[in-house]
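Here is a note for a colleague who is meeting this structure for the first time. The points below are best read with the sequence and the 3D view side by side.

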Amino acid sequence: MTMNRRAFLKAGAGASGGLMLSLSLPGCAGVQTGYEPETGEWKPDAWLELTRDDEIYFTLARVEMGQGTYTGLTTLIAEELEVAPAAITPRFAPAAPEYRNPLYNLQLTGGSTSIATSWEPLRTAGASAREMLKMAAARIWEVEADACTVRDGHVVHPNGIDSLRYGQLVELASKEVIRGEVSLKPRSEWKLIGKQGNRLDARAKSTGTAEYGIDVELPGQVYAVVTRSPRYGGRVGSFNGDEVRAMPGVVDVVEIERGVAVVADKYWRARKAQAALTVTWDFSDALSVSTSDVFDGYRKAADEDRGESERSEGDFDDAAEAASTVLSAEYAQPYLAHATLEPMNATAWYQGDRAEVWAPTQAPDLGQIAVARVTDLSPGDVTIHTTFLGGGFGRRLTQDFIEEAAAISFKIGKPVKVIWSREEDTRHDLFRPAMLHRMKASLADGELTGWHHQIVGPQILDWYVRNAAPAQYPWAPKFLYKSLGSAGLLFEGIATPKDMSAIEGAIEYPYGVSNIDIRHTHTDPGVPVTWWRSVGFSHNGFAVETFMDELAHEAGEDPYQFRRKLLADEPRHQEVLDRAARLAGWGEPLAEGRARGIALFRSFGTYVAQVVEAGIEHGEIRVYRVACAVDCGQVVNPRIVEDQIEGGILFGLTAALYGEITLEQGEVQQSNFHDYRLMRQYERPEVTVDIVDSEAAPTGVGEPGVPPVIPALGNALFALTGKRQRSLPLTADA
């Protein structure tokens with residue numbers, strides 16, 4: 001987010017009588033700032049709090065779900081404050097307008113945007129506090145503030161000897177006013193940004209002291225489990241509530257929108273009672289589609305409708321007419337579950353005029369709306385306490401798990417923790433959409449002259465829009481019911497942006513081709529879908545980069561060199577491609593039974609190229625090595641970049657090798673890790689990550705490792721076997 005730093009700062013009278021520094025951001029009026037003389041706490045802005053006891057607290061507006069925001073964003077503050085990151089204590093932000101993600105105007109963590117959107121605001125916050133502390137010390141010493149320096153939590157006198165601790169200066173600093181822009185430290189003076197650093201949450205997570213949502217315990221808390229319809233859209237007909245209520249420890253059995261909740265004094269008592277629960281379901285409005293029906297519908301739609309043009313350059317039809325060769329291919333990708341390590345859970349406490357929720361959510365303000373939707377409260381009456389998240393991958397952007405806990409607490413008047421089993425988490429997930437791609441390309445004397453890509457399938461928001469009105473679908477917030485259908489609004493008062501989830505990555509096709517035709521044939525089979533790690537880039541990456549490999553083979557060229565010559569006007573693409581090829585030893589001999597495949601893709605502003613070395617052992621695909629080059633602009637912490645890119649690679653390989661959710665008559669067939677398999681530790685390949693040293697603005701790293709690895713593996717298998725696989729998951733016997 002670009003921001004004039006002069007506009008960022010303003011001084012005003014705080015409630016404590018001191019002066020405060022607040023943020024000139026839209027809607028920033030909810031977080032109290034200033035100095036509190038009774039406690040000795042100084043909050044110069046919405047993110048920072050310094051105390052006279054030399055404590056520094058940082059309010060973390062982006063949740064920590066393993067992707068490193070806890071460390072990375074704290075590092076930005078620490079760099080400008082001239083303290084070690086470990087000297088700062090991060091705290092998860094409450095739901096408040098100040099903490100909204102400016103790209104979405106919602107307080108959500110997603111889209112690999114945390115560093116990119118926080119890069120300037122957080123550094124400005126730290127620099128502003130630093131300058132006010134210097135001004136306070138200079139006033140005491142009667143010297144120029146610019147002559148003072150800061151070091152390790154101290155302001156140092158121009159003589160280089162005398163110093164004052166930050167804690168000694170907080171009250172005086174709160175009275176200072178910054179005029180003009182605040183100077184941020186130049187790159188040449190950085191001590192933390194761009195350097196390897198340990199994760200601040202590592203000790204807490206490895207010792208079990210980090211609190212995840214599933215760890216929350218409250219006085220008087222009870223536990224609930226929910227029996228949901230096996231088919232989406234099914235409604236409760238009847239259930240044996242009286243019989244189950246008589247079981248030991250059972251507090252109540254209540255019906256909610258999504259099913260029947262059994263509430264007990266202990267979790268396993270709730271589970272035992274659930275086993276005795278019998279529910280009859282009304283499936284009159286339920287989903288009845290099977291996986292085969294989904295793809296039959298996609299192909300029928302593609303045959304009948306070329307789709308809406310999303311990118312058009314030149315004339316593909318003319319290029320195809322003049323071509324010596326026109327190559328066609330169809331690619332299919334299945335529904336995918338999120339499979340977060342921590343299953344869905346939330347603890348809610350309805351207290352009459354207000355409610356509190358403790359939950360691992362990616363969107364606290366949407367959590368407020370979720371509670372309001374199923375109670376008699378307004379969103380402003382709801383407090384969300386965000387915890388650590390045991391994985392998110394987009395699943396925790398949808399607040400159904402919070403709604404369930406709130407609805408049960410509203411009915412029984414007690415604090416309630418709802419925990420989903422792994423089977424419930426798999427069968428009642430909202431999935432990565434299944435998609436179909438039809439590709440055509442024209443070649444004239446071996447040169448690529450035309451590119452046609454028809455994307456067939458739904459958009460993520462289809463599910464939310466379609467189910468905004470019927471009360472039996474609780475995934476959409478309350479205010480969507482009236483606004484979505486009639487006014488075309490996504491969120492109250494905010495115009496709906498174009499949903500790019502089906503086409504992202506495809507429309508940014510980077511290769512130098514004169515005639516390009518990219519279309520989306522919109523069709524929605526009604527299966528609940530939501531954001532999944534790398535969203536549309538995941539399926540478009542597979543289609544685009546596999547087809548590029550097919551074209552290289554058709555042209556009789558090396559897949560690396562074929563791509564490279566088409567990227568002459570894309571230096572950042574070309575650099576990561578070259579780096580990955582060098583890192584992998586492209587062209588060098590391999591052991592018998594092994595082959596390499598290459599792919600690259602830009603997603604979330606980040607350029608990634610990967611070379612996969614793979615083979616087949618004992619009838620199973622084996623991935624030996626992945627060489628990856630990444631250009632994500634300015635790096636804050638290289639270790640976190642490496643971790644996230646590697647995590648994305650393993651996530652993508654899991655999808656490529658095993659990922660598939662299937663439906664029969666509306667029922668999900670998979671239930672746990674035995675039939676929705678994840679990559680095991682012993683299968684983990686050697687992963688090497690080469691990071692481009694860049695001064696460009698930082699971009700995301702949580703998701704960009706996923707898209708290229710899937711086609712790179714498929715391309716390696718083709719090089720090994722001569723058989724092209726155009727559907728996922730990949731198999732050893734194709």
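Buried, as used here, means under 20% relative accessible area, exposed means over 50%, and partly exposed covers what lies in between. Please bear in mind throughout that this is a predicted model.

1. His618 is a good place to begin, because at 83% relative accessibility it counts as exposed. The residue lies in the loop between strand S28 and strand S29 (620-631), and it has a positive phi of about 50° although it is not a glycine. Most residues other than glycine have a negative phi.

2. Phe604 also has a positive phi without being a glycine, here of about 55°, and its place is the loop between strand S27 (594-603) and strand S28 (606-617). With a relative accessible area of 18%, Phe604 is buried.

3. A further backbone feature to inspect is the peptide bond between Leu728 and Pro729, which is cis, with omega at about 0°. Pro729 is found in the segment that comes after helix H19 (706-721). Most peptide bonds are trans.

4. Helix H11 (residues 400-412) passes a simple check of its length: at 1.5 Å a residue its 13 residues should span 18 Å, and the end C-alpha atoms are 19 Å apart, which agrees. The helix is mostly covered, since eleven of its 13 residues are buried, among them Asp400, Phe401, Glu404 and Ile412. Just after H11 comes Gly413, which takes a positive phi of about 75°.

5. Turning to charge pairs, the structure holds 56 salt bridges. In one of these Arg165 pairs with Asp54, and their closest N and O atoms are 2.2 Å apart. Arg165 belongs to strand S10 (residues 163-165), whereas Asp54 sits in the loop between strand S5 (48-51) and strand S6 (56-60), so the pair ties together parts that are 111 residues apart in sequence. Both partners are partly exposed, Arg165 with a relative accessible area of 31% and Asp54 at 33% relative accessibility.

6. Glu447 and Lys565 form another salt bridge, with 3.3 Å between the closest N and O atoms. This pair links distant parts of the chain, as Glu447 is in strand S23 (residues 447-457) and Lys565 in helix H16 (residues 559-565), 118 residues apart. Glu447, at 41% relative accessibility, counts as partly exposed, and so does Lys565, at 35%.

7. Where a salt bridge is formed by buried residues, the pair of Arg519 and Asp517 can serve as the example: their closest N and O atoms are 3.1 Å apart, Arg519 counts as buried at 16% relative accessibility, and Asp517 counts as buried at 6%. Elsewhere in the list of pairs, salt bridges that share partners join Arg228, Arg258, Arg271, Arg395, Asp400, Glu404, Glu424 and Asp429 into one network. Two members of this network, Asp400 and Glu404, are also among the buried residues of H11.

8. Which residues gather in a patch of negative charge on the surface? They are Glu36, Glu38, Glu41, Asp53 and Glu55. Glu38 lies in the loop between strand S3 (34-36) and strand S4 (41-43), and because its relative accessibility is 75%, above the 50% limit, this residue counts as exposed.

Notes: Residues are numbered from 1 along each chain as its sequence is written. This is a predicted model: local features need pLDDT of at least 70, side-chain atom pairs count only at pLDDT 80 or more; totals for chains, interfaces and linings use all residues. Side-chain values use heavy atoms; hydrogens and water are left out. Patches are made of residues with over 30% relative accessible area and no salt bridge: like charges are joined within 9 Å, nonpolar side chains (Val, Leu, Ile, Met, Phe, Trp, Tyr) within 5 Å. Accessible areas come from the Shrake-Rupley method with a 1.4 Å probe; for residues, only the protein chains shown count as cover. A salt bridge is a side-chain nitrogen of Lys or Arg within 4 Å of a carboxyl oxygen of Asp or Glu. Lys and Arg count as positive and Asp and Glu as negative; His and the chain ends are not counted. The place of a charge is taken as NZ of Lys, CZ of Arg, CG of Asp or CD of Glu. Helices (H or I, at least four residues) and strands (E, at least two) are DSSP runs, numbered from the N terminus. Buried means under 20% relative accessible area, exposed over 50%, partly exposed in between (1.4 Å probe, protein chains only). The expected span of a helix is 1.5 Å times one less than its number of residues.
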